[in-house]
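Me: I should like to learn why certain words are applied to a structure. Please set each value against its definition as we proceed.

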Amino acid sequence: PPKYSAKKVDGKRAYELARSGEEVTLKEVHSKILSIKLINYNHPFVTFEAIVSEGTYIRSLGEKIAEKLGTTGALSMLERLYEGIFYFEDEKALQPLELIDATINAYTGHPEDIDLGKKLPLNSLNIQQDGKYIIKSKDNFAIIAITNGEVSYLLNRIKQGC
């Protein structure tokens with residue numbers, strides 16, 4: 001895997017370690033290339049389609065292809081066509097607020113508090129009864145629970161319209 005992957009090393013993400021300048025050594029991963037097909041070549045760009053086993057790092061595959069061709073390169077674009085039984089065709093962004101069974105509550109404090117995941121005082125909410133609620137900032141929303149007068153996050157900083 002590349003050093004900027006989400007793999008964990010001693011409990012931390014490899015990309016976090018790499019970004020902080022630490023040396024990252026990851027265990028080798030074996031994967032299978034089930035098929036690979038050249039779609040287009042327009043120097044210096046190569047477009048290919050690959051069917052691979054789970055755990056394959058496509059960016060690493062792109063580097064290996066360049067290496068085998070005796071050059072260097074990097075993936076400039078990656079488009080997933082399908083994963084397992086799911087095919088990606090004309091996807092639409094989910095509207096999670098339409099799918100969540102929770103009441104919308106108004107937060108009267110600074111909206112940035114929601115984005116930063118700050119502890120929310122009960123008296124800063126319009127509805128203060130026990131329950132599960134959605135609160136919104138400009139771009140994000142969070143799901144909170146009020147239990148015995150205490151406010152806690154169930155999910156936080158979720159992009160609206162993602």
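Me: Where is Asp 10 found?

Reply: Asp 10 is found in the loop between strand E1 (8–9) and strand E2 (12–13). Strands (E, at least two residues) and helices (H or I, at least four) are DSSP runs, numbered from the N terminus. The model is predicted, so local features need pLDDT of at least 70 and side-chain atom pairs pLDDT 80 or more, while totals for chains, interfaces and linings use all residues. Residues are numbered from 1 along each chain as its sequence is written, and side-chain values use heavy atoms, with hydrogens and water left out.

Me: Why does Asp 10 count as exposed?

Reply: The relative accessibility of Asp 10 is 81%. With a 1.4 Å probe and protein chains only, exposed means over 50% relative accessible area, buried means under 20%, and partly exposed lies in between. Asp 10 therefore counts as exposed.

Me: What makes the phi of Asp 10 worth noting?

Reply: Asp 10 is not a glycine, although its phi is positive, at about 50°. Most residues other than glycine have a negative phi. Arg 157 is another non-glycine residue with a positive phi, near 50°. Arg 157 lies in strand E10 and has a relative accessible area of 55%, so it is exposed.

Me: Why is Thr 56 called buried?

Reply: The relative accessible area of Thr 56 is 16%. Since this value falls within the buried class, Thr 56 is called buried. Its place is the loop between strand E4 (45–52) and helix H2 (58–68).

Me: How do you know that the side chain of Thr 56 makes a polar contact with the side chain of Ser 31?

Reply: The distance is 3.2 Å. A polar contact is a pair of N or O atoms within 3.5 Å; within protein, one must be able to donate a hydrogen and the other to accept it, and residues adjacent in sequence count only if both atoms are side-chain atoms. The Thr 56 side chain also reaches the backbone oxygen of Ser 53, at 2.7 Å. Ordinary contact (heavy atoms within 4.5 Å) is found between Thr 56 and Ser 31, Lys 32 and Ile 33, leaving aside neighbours within four places in sequence.

Me: Is Ala 50 buried, partly exposed or exposed, and what makes it so?

Reply: Ala 50 has 27% relative accessibility and therefore counts as partly exposed. This residue belongs to strand E4. Apart from neighbours within four places in sequence, Ala 50 is in contact with Ser 35, Ile 36 and Leu 61. From C-alpha to C-alpha, Ala 50 and Leu 61 are 9.4 Å apart, with their positions 11 residues apart in sequence.

Me: What makes a group of residues the largest nonpolar core here?

Reply: A nonpolar core is a set of buried Ala, Val, Leu, Ile, Met, Phe, Trp, Tyr and Cys residues joined through side-chain atoms within 4.5 Å. The largest such set has 10 residues, among them Tyr 107, Ile 114, Ala 142 and Val 151. Strand E8 (131–136) and strand E9 (140–147) are the elements that give two or more residues to this core. The largest share, 3 residues, comes from E9. Ala 142 touches several residues beyond four places in sequence, including Ile 114, Tyr 133 and Leu 155. In soluble globular proteins, nonpolar side chains tend to be buried together.

Me: Why do E7 and E10 stand at the edges of the sheet?

Reply: The open sheet has 4 strands in the order E7-E8-E9-E10, with mixed pairing. Strand E7 (103–104) and strand E10 (150–159) each have a single partner strand, so one side of each is left without a neighbour in the sheet.

Me: How do you know that E9 and E10 are paired?

Reply: Two strands pair if DSSP finds at least two bridges between them. E9 and E10 are joined by 7 bridges and run antiparallel. One of the bridge partners in E10 is Leu 155, opposite Ile 143; another is Glu 150, the partner of Thr 147. The hairpin of these strands has 2 residues between them, and Asn 148 there takes a positive phi near 50°.

Me: What is the radius of gyration of the chain, set against that of a compact globule?

Reply: The chain has 22 Å, whereas a compact globule of 162 residues would have a value near 15 Å. The radius is taken over C-alpha atoms, and the globule rule is 2.2 Å times the number of residues to the power 0.38. The C-alpha trace spans about 65 × 40 × 25 Å along its principal axes. Of the 162 residues, 20% count as buried.
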